[in-house]
4 protein chains.
Amino acid sequence: MSRIRLGMVGGGNDAFIGAVHRIAARMDDRFELVAGALSSTPEKAMESGKALGLDPDRTYADFTEMAKREVRLKNGIEAVAIVTPNHVHAVAAKEFLKRGIHVICDKPLTATMADARKLVKAAEASKALFILTHNYTGYPMIRHAKQMIADGELGEIRVVQAEYAQDWLTQPLETEGQKQAAWRTDPERSGAGGSIGDIGTHAHNLACFVTGQKVESLSADLHAFVPGRQLDDNAHMMLRFDGGARGMLWSSQVAPGNENGLRLRIYGEKGGLEWAQEDPNYLWFTPFGEPKQKLTRGGAGGPTDGTRIPAGHPEGYLEGFANIYTEAANAIAGKPAVYPTIHDGLDGMKFIDACVKSSGRNGAWVKL
Amino acid sequence: MSRIRLGMVGGGNDAFIGAVHRIAARMDDRFELVAGALSSTPEKAMESGKALGLDPDRTYADFTEMAKREVRLKNGIEAVAIVTPNHVHAVAAKEFLKRGIHVICDKPLTATMADARKLVKAAEASKALFILTHNYTGYPMIRHAKQMIADGELGEIRVVQAEYAQDWLTQPLETEGQKQAAWRTDPERSGAGGSIGDIGTHAHNLACFVTGQKVESLSADLHAFVPGRQLDDNAHMMLRFDGGARGMLWSSQVAPGNENGLRLRIYGEKGGLEWAQEDPNYLWFTPFGEPKQKLTRGGAGGPTDGTRIPAGHPEGYLEGFANIYTEAANAIAGKPAVYPTIHDGLDGMKFIDACVKSSGRNGAWVKL
Amino acid sequence: MSRIRLGMVGGGNDAFIGAVHRIAARMDDRFELVAGALSSTPEKAMESGKALGLDPDRTYADFTEMAKREVRLKNGIEAVAIVTPNHVHAVAAKEFLKRGIHVICDKPLTATMADARKLVKAAEASKALFILTHNYTGYPMIRHAKQMIADGELGEIRVVQAEYAQDWLTQPLETEGQKQAAWRTDPERSGAGGSIGDIGTHAHNLACFVTGQKVESLSADLHAFVPGRQLDDNAHMMLRFDGGARGMLWSSQVAPGNENGLRLRIYGEKGGLEWAQEDPNYLWFTPFGEPKQKLTRGGAGGPTDGTRIPAGHPEGYLEGFANIYTEAANAIAGKPAVYPTIHDGLDGMKFIDACVKSSGRNGAWVKL
Amino acid sequence: MSRIRLGMVGGGNDAFIGAVHRIAARMDDRFELVAGALSSTPEKAMESGKALGLDPDRTYADFTEMAKREVRLKNGIEAVAIVTPNHVHAVAAKEFLKRGIHVICDKPLTATMADARKLVKAAEASKALFILTHNYTGYPMIRHAKQMIADGELGEIRVVQAEYAQDWLTQPLETEGQKQAAWRTDPERSGAGGSIGDIGTHAHNLACFVTGQKVESLSADLHAFVPGRQLDDNAHMMLRFDGGARGMLWSSQVAPGNENGLRLRIYGEKGGLEWAQEDPNYLWFTPFGEPKQKLTRGGAGGPTDGTRIPAGHPEGYLEGFANIYTEAANAIAGKPAVYPTIHDGLDGMKFIDACVKSSGRNGAWVKL
């Protein structure tokens with residue numbers, strides 16, 4: 001099977017998420033990175049390309065130039081990964097979509113609702129695919145949970161508890177020259193959401209993905225605990241889903257001791273499911289009135305789809321992320337595939353927008 | 001040291017919480033049960049008294065009669081435990097308070113705010129003590145957490161996550177002749193709160209006890225998922241504390257797999273604390289930027305106060321409950337003691353009242 | 001139901017295990033402590049008796065005197081708890097057994113095999129009962145495990161992993177005036193076993209109790225890591241059971257971080273069971289090829305026998321210990337009861353003896 | 001940085017460990033698979049090569065032919081991964097070593113001691129490197145544990161508890177046509193060790209790697225519980241280390257509920273460490289007399305070396321395995337590197353040999 005030729009926008013030296021995308025793309029040997037506009041600073045773009053072993057000829061400082069040139073090459077890129085700060089997603093993605101190059105884009109979709117809507121139009125007008133890396137949907141146990149609910153094993157869903165807690169912004173890191181913190185707390189580059197855009201969207205997306213329900217309305221209380229911070233670093237909200245479930249969602253980047261605490265708990269008439277990202281190979285299934293079951297990835301009662309190694313051999317974040325890339329490869333190859341789409345991205349933007357509006361109105365319920 | 005002579009109202013055969021109070025009172029040998037009005041049904045009262053080895057002469061079918069007679073006995077009861085359904089608390093307690101008999105009363109304080117306010121007056125007018133069995137404050141690790149926060153180990157508190165989830169009302173048990181379910185879902189006997197009155201008050205009380213802050217206002221979404229149920233069986237809410245912290249609280253009795261899932265997580269500028277009632281001998285302390293610590297009851301970094309046995313020898317629910325009784329014994333003996341008072345009980349009633357009002361106004365913020 | 005009148009030998013002020021026995025005896029209100037020879041030092045005996053509210057008239061400095069006098073009293077003790085250092089067990093127990101007073105005795109049975117054999121004869125000659133407080137067999141989940149194996153849910157047992165690790169003797173505490181450490185590391189008072197006598201016997205007893213098999217032979221490597229210590233503080237051994245199972249047993253009091261780490265894992269042809277004393281309300285059941293189950297005390301798939309409160313309300317060490325006392329009360333009352341007997345005590349002594357012999361012969365297999 | 005050209009012997013379609021090696025080699029983009037003798041069956045070799053996208057010209061059915069031809073190619077392989085059943089390791093490795101091609105070989109080193117000794121000579125005579133994939137030493141927390149011990153944080157090591165338990169051979173899978181089970185239970189292909197060769201060697205290697213001590217002698221009890229099985233499926237043993245530590249080791253493939261339960265616990269004078277492979281991102285550090293610490297990969301108190309992503313983003317088995325490959329790449333590039341060598345492999349063979357001998361002599365202590 002030949003590899004899909006991949007370009008990358010953003011992800012130069014020191015960028016955490018760029019390296020993640022590259023490993024994920026490589027994991028199952030379905031992609032080959034052949035071009036990059038890894039930084040908007042020319043020298044940094046070249047250095048980064050060199051470090052990755054890219055042909056200098058295909059190392060660009062400008063993503064538009066990359067799109068224009070690659071589309072004309074005989075062996076030009078077939079897909080591009082966009083891993084820039086949020087405000088660049090839309091403008092970059094459109095350059096590739098309009099040239100028929102598939103886009104694999106980081107979340108949240110864009111920095112503004114206006115951009116998001118324009119990008120949806122661009123994607124709909126393109127024959128190329130748009131894949132959003134809501135990577136946590138790639139975890140096998142998450143997909144298993146979704147299937148169990150679809151199969152009715154929990155009965156009608158009643159309660160959803162979603163949370164995503166971190167601690168890395170407990171102190172004003174953005175004033176200390178930390179680049180990640182700087183752009184993620186800057187409305188110009190991140191958009192209107194702080195923790196809710198960076199991580200709350202993941203929790204929202206995961207809750208919807210697994211339950212098969214959409215959030216119909218929410219009531220939010222956003223807050224920045226760190227003095228001077230412009231965007232929320234902690235958010236509380238109550239949710240109502242279109243299928244009748246109710247829920248709560250907590251996102252925080254100021255909760256000491258929480259490294260990457262994405263956690264989902266779902267309860268229905270007949271049973272419950274609990275999953276934690278930091279322990280991703282397990283899923284608790286609690287059928288009402290029966291013993292609690294700990295399902296394991298690849299093991300008894302657990303899934304084998306999307307796994308590479310047997311039960312007891314832990315897979316992690318990179319393998320879950322790689323599953324999104326592998327699904328993308330399948331989709332590009334015209335095979336059946338499950339992956340987050342631009343519409344999931346738009347839902348995420350609506351979620352951020354509703355959070356900000358609700359909180360601005362002191363928690364009034366806002367429809368998505 | 002001579003034992004305090006104790007009477008009991010309610011707690012006849014089959015009553016879960018009555019048996020708990022008796023074991024708790026006995027644990028440290030500070031009380032002796034000598035009289036009881038264990039049921040309002042005379043035969044059941046007598047049978048229950050007999051089963052407990054009470055003097056038939058001091059086994060009553062009417063708590064008023066017990067109060068009147070015991071107060072005149074040379075060795076009459078010095079204290080009484082009230083373990084009836086909620087709507088009886090106030091009327092019973094007043095009979096003993098006005099006769100100078102100390103009252104140890106189950107929570108929530110009463111079924112209605114009106115009753116609560118009257119009972120506060122009665123308690124204030126009495127020279128006897130009023131102790132509310134918000135038993136979870138008796139756990140040594142909870143007291144240790146409170147002390148750590150008071151000592152400033154977490155810095156200013158920012159975020160409080162409190163939850164109390166159970167599953168025993170997942171199905172309409174109250175229609176199947178289960179007595180506990182029947183009164184706890186009946187507004188006449190329980191008051192306006194379902195899950196919030198039965199268990200949400202514990203979570204609320206614990207959050208306030210540990211942080212040293214009071215809930216200033218809340219926004220709630222109460223719901224009864226089981227068709228026909230008159231009181232909430234699931235409640236979501238957002239909290240604002242008077243010290244600047246913000247929080248969320250979830251109480252549910254329809255979350256399959258949750259047996260008695262009371263859990264508290266608190267995050268401040270400098271660190272976090274996490275505690276779960278089902279694993280009560282441990283407290284996670286996460287000073288920001290340092291390794292996570294698992295503090296153990298009786299062990300390194302953990303408390304020895306309120307413990308009876310060394311680290312690694314687990315204590316549980318009964319021992320925590322017994323600590324409330326032992327504090328009550330200390331208070332009755334005129335020694336320093338920490339225990340939940342009638343004012344904590346009134347705060348709990350305000351909490352229930354605010355929840356119901358807020359939910360009735362579609363989640364508007366309501367002050368307590 | 002009237003309470004059984006209980007005396008106590010040993011257990012004066014500061015003695016950990018004496019206080020445990022008293023709480024355990026009181027838990028279910030089946031015993032009443034009415035007499036004591038709490039210390040061999042007269043003043044300490046009196047002080048300790050006073051602190052416990054004992055009648056000074058029934059506070060003795062000599063257990064023989066207590067036995068002689070109590071047996072003649074109209075309401076003299078019916079049973080006695082012996083909670084002294086090991087070397088006193090036999091001589092004290094015989095005084096009561098020969099007078100028809102039931103004996104509830106701490107483990108290990110005695111300090112020497114010779115004493116053990118004499119005590120067995122004394123017990124067999126007496127009409128009184130002898131109950132050994134191998135308290136860990138009182139945990140409901142342990143009894144449930146035993147029943148599951150007896151019911152064949154694991155098939156034929158193959159592998160037994162037993163361990164009991166503590167850390168309190170990591171340093172030479174016995175040279176620093178710590179009384180517990182002093183007698184437990186002294187061959188005169190403890191017998192030939194250090195960690196194996198103090199805690200290894202519990203692990204051995206539990207493994208046999210749960211599997212229903214006896215250890216037929218063992219190969220042991222005992223060692224004292226702390227310089228100057230006379231008895232083993234760490235022991236490794238391999239086991240062969242009479243029912244065909246094989247096992248390992250580790251006991252240690254020099255393993256930092258282990259507070260009271262008694263743990264049992266049992267694997268058969270059809271499934272496995274795992275239990276840890278520090279988390280005693282749960283039992284893992286792993287039927288081969290099926291999802292892992294976490295059984296809970298009082299909950300779905302778990303036992304209600306021997307429990308006092310519902311699932312999710314943790315019981316602990318004292319409740320498990322109390323179950324031994326309650327079984328003793330039942331036995332004394334002539335009802336069916338399950339409790340560790342003097343023969344279990346003799347098995348424990350054979351275990352200690354075999355360990356010492358095997359280790360002395362560089363690990364040669366020694367029959368019990 | 002250019003990639004190292006890699007060949008592979010074994011690892012055709014359906015072979016678990018071959019796929020693992022390929023992902024591990026690819027993870028950090030330091031190797032490129034360019035040739036393979038993936039099966040000794042010519043058609044399967046070609047099919048497997050095709051599935052992997054290998055040049056048919058460099059797809060071989062015979063590893064000797066591959067060695068001979070590749071060494072003469074301008075861009076021939078620089079290194080080869082050997083992932084066959086054990087009995088082929090030596091003969092294949094020698095073909096490459098003698099031609100100066102680096103060998104990355106699966107464990108155990110060989111099927112027999114004789115083969116092992118010959119292979120050591122061949123490796124010593126070659127200028128090429130020999131890297132053994134004792135992959136569990138690649139986990140960052142394991143390397144951190146090793147460093148902590150080397151730094152004296154535990155003081156002198158006293159006790160080592162190592163175990164590796166699985167359940168996949170609980171039933172006679174080898175008689176049901178399962179290929180993995182067939183060769184792993186066959187003395188001709190696996191050598192004299194069953195569970196001890198397949199997994200016990202990992203536990204042995206890990207214990208030595210982390211403590212920095214070697215096993216000096218051991219006493220073993222090997223057993224095959226499944227009727228008709230020729231090699232041990234369960235092994236118990238006691239260990240004595242050359243630095244004074246003592247230990248136990250349990251390996252089992254018949255322990256239901258254990259998926260891949262490799263676990264290491266080490267206790268010294270000053271503290272303890274505990275690690276479990278199924279939860280590899282954490283390391284428990286228990287300094288005596290201080291609170292227990294849970295160190296996290298990439299987090300406070302934990303290592304960042306050998307990690308790719310931040311704390312809370314779990315890495316797993318493949319990332320740990322990849323670290324061995326990346327160290328191999330560093331070594332091949334002449335940079336400092338830590339990896340298991342042929343001498344570790346020989347130690348593993350001595351371990352298997354000693355186990356078999358000791359068990360044959362009913363557990364007599366055998367020197368390694």
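User: How many residues does the contact take from chain B and from chain A?

Analyst: In this predicted model, 45 residues of chain B and 45 residues of chain A take part, contact being heavy atoms within 4.5 Å. Local features need pLDDT of at least 70 and side-chain atom pairs pLDDT 80 or more, whereas totals for chains, interfaces and linings use all residues. Residues are numbered from 1 along each chain, chains are lettered from A, and side-chain values use heavy atoms, without hydrogens and water.

User: What makes the relation of chain B to chain A that of a two-fold axis?

Analyst: A rotation of 180 degrees with 0.0 Å of shift along its axis places chain B on chain A, with RMSD 0.0 Å. The superposition is by least squares on C-alpha atoms of residues with pLDDT of at least 70 in both copies. That is the relation of a two-fold axis.

User: How do you know that the copies meet through the same surface?

Analyst: Of the interface residues of chain B, 100% are also interface residues in chain A, so the same surface serves both copies.

User: Why is the pairing of A:Asp221 and B:Arg240 called a salt bridge?

Analyst: The term requires a side-chain nitrogen of Lys or Arg within 4 Å of a carboxyl oxygen of Asp or Glu. The N to O distance between these side chains is 2.9 Å, so the pair satisfies the rule. Across the interface of chain B and chain A, the rule finds six salt bridges.
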